[in-house]
Amino acid sequence: MKERFTMLLVSALVLTYVSLAAFIVLVFPLSVLVFALMLLLVFRRCLGLFASGAIMLFLGVIPMLEIAWMEQSGFQPFEEIDEYTDHLRDPCGTREAMLLISLAIQITGGCMIVVWILQKKKEREDKMEKKKKFEDILKATGRVGVGNVLAELDRLGFYAAPASTRFHGAHPGGLLQHSLNVYDEAMLVREMQLRMKPEIEARLPPDSIAIAALLHDVCKAEVYKPEQKSRKNSNGEWERYNGYRADYSGFPLGHGEKSVIRLLRWGLEMSDDEIIAIRWHMSGFDLAFQSPEIRSSYGEASDKCPLLAVLRAADGLASHILEA
Ligand SMILES: [Fe+2]
Ligand SMILES: [Fe+2]
């Protein structure tokens, strides 16, 4: 009974609103513009800045078209006879008001498109700047094979790849940003450690930090493929979004060991500490089947390689704090 009453009430309300809207549209055609702008306001987030701006540019033309149509057809809804002069008069300057509204809507739409263009330009410049920083730090190490590594990373799509499917850096360019974050964190951790224990400086040269931090996740370069996914938004409603799925079929070799093998194959000159640090940077998460040999190797690496401790700390700080 209660449900039927609610249904009836909702139907009556919808009918009333639709009739009211139809009446307003029939009496004053320009109200279509108001409804369209209201709809645009509601859906502006789904549409995005460019599409919203383009729609506003289009809507801004409607008042102009209406004025042109009225002038051509002779239809004059805004004019009335002045009782004293006996001439036609415009009671409230409606034509000018319509022209102003049209101009305001078009200027707003134009500004939205300009802001979108500037945003895209800034994004492109940021991307180029990050890529340049990544390349410059690696080239500054002077290592044999860096040029080839950079070419291979470009070929695999490293600079546009995400860092994960849904955890840290799950967006285009996330892997590059993560690698730079790990480098910055690792340099800070190194500095603190050398202040407390200066005798390990020879084990933590800056070029080893660069190689280990910037290249520890090259195993991910081609793994994440774009995919349409569903999720609940803040209102509890399901929505579609552009996500990723992991596909390890390209070179199924694990994680840390895959990065090391890949770098060695590409001809990069690496020290033992760099190989050990990259191989074990996932700590206990990357132990193959918990074999005694693997566990002992991991234990030895943790005890004897300060670069591994620095890389693990920097990777954790970057993924769980900076990119969280
Ligand atoms: Fe990793
Ligand atoms: Fe990482």
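Reader: Before we start, what counts as a nonpolar core here?
Author: A nonpolar core is a set of buried Ala, Val, Leu, Ile, Met, Phe, Trp, Tyr and Cys residues joined through C-beta atoms within 7 Å, and please keep in mind that this is a predicted model.

Reader: Fine, so which residues of the largest nonpolar core touch the most other members?
Author: That core has 47 residues, and those touching the most other members are Ala186, Ala213, Leu214, Ala277 and Leu311.

Reader: And which helices each supply at least two residues of this core?
Author: They are α4 (94-140), α5 (146-156), α6 (174-196), α7 (206-215), α8 (256-265), α9 (272-279) and α11 (306-322), and of these α7 gives the most, with 7 residues.

Reader: What is Leu311 in contact with, leaving aside neighbours within four places in sequence?
Author: With those neighbours set aside, Leu311 is in contact with Ala186, Ala212, Ala213, His216, Ala277 and His281.

Reader: Which residues does the second, separate core include?
Author: That core has 5 residues, among them Ile55, Met56, Leu59 and Ile105.

Reader: Switching to packing, at what angle do α7 and α11 pack?
Author: The angle is about 50 degrees, and the two axes lie 10 Å apart; α7 and α11 are therefore oblique to each other.

Reader: Is the crossing of α7 and α11 left-handed or right-handed?
Author: The crossing of these two helices is right-handed, and the contact is made by Ser208, Ile209, Ala212 and Ala213 on the α7 side and by Leu307, Val310, Leu311 and Ala314 on the α11 side.

Reader: How do the residues of that contact divide into nonpolar, polar and charged?
Author: In the contact of α7 with α11, 7 residues are nonpolar, 1 is polar and none is charged.

Methods. Residues are numbered from 1 along each chain as its sequence is written. Chains are lettered from A and ligands numbered from 1 in the order in which they are written. This is a predicted model: local features need pLDDT of at least 70, side-chain atom pairs count only at pLDDT 80 or more; totals for chains, interfaces and linings use all residues. A residue is buried if 20 or more other C-beta atoms lie within 10 Å of its own, exposed if 12 or fewer, and partly exposed in between; C-beta atoms are placed from the backbone. Helices (H or I, at least four residues) and strands (E, at least two) are DSSP runs, numbered from the N terminus. Two residues are in contact if their C-beta atoms, placed from the backbone, lie within 7 Å. Axes are lines fitted to C-alpha atoms, for helices over the stretch in contact, and angles run from 0 to 180 degrees between N-to-C directions. Angles under 35 degrees count as roughly parallel, over 145 as roughly antiparallel, 65 to 115 as roughly perpendicular and the rest as oblique. A crossing is left-handed if the near helix is turned anticlockwise from the far one by less than a right angle, and right-handed if clockwise. Ala, Val, Leu, Ile, Met, Phe, Trp, Tyr, Cys and Pro count as nonpolar, Asp, Glu, Lys and Arg as charged, and the others, Gly among them, as polar.
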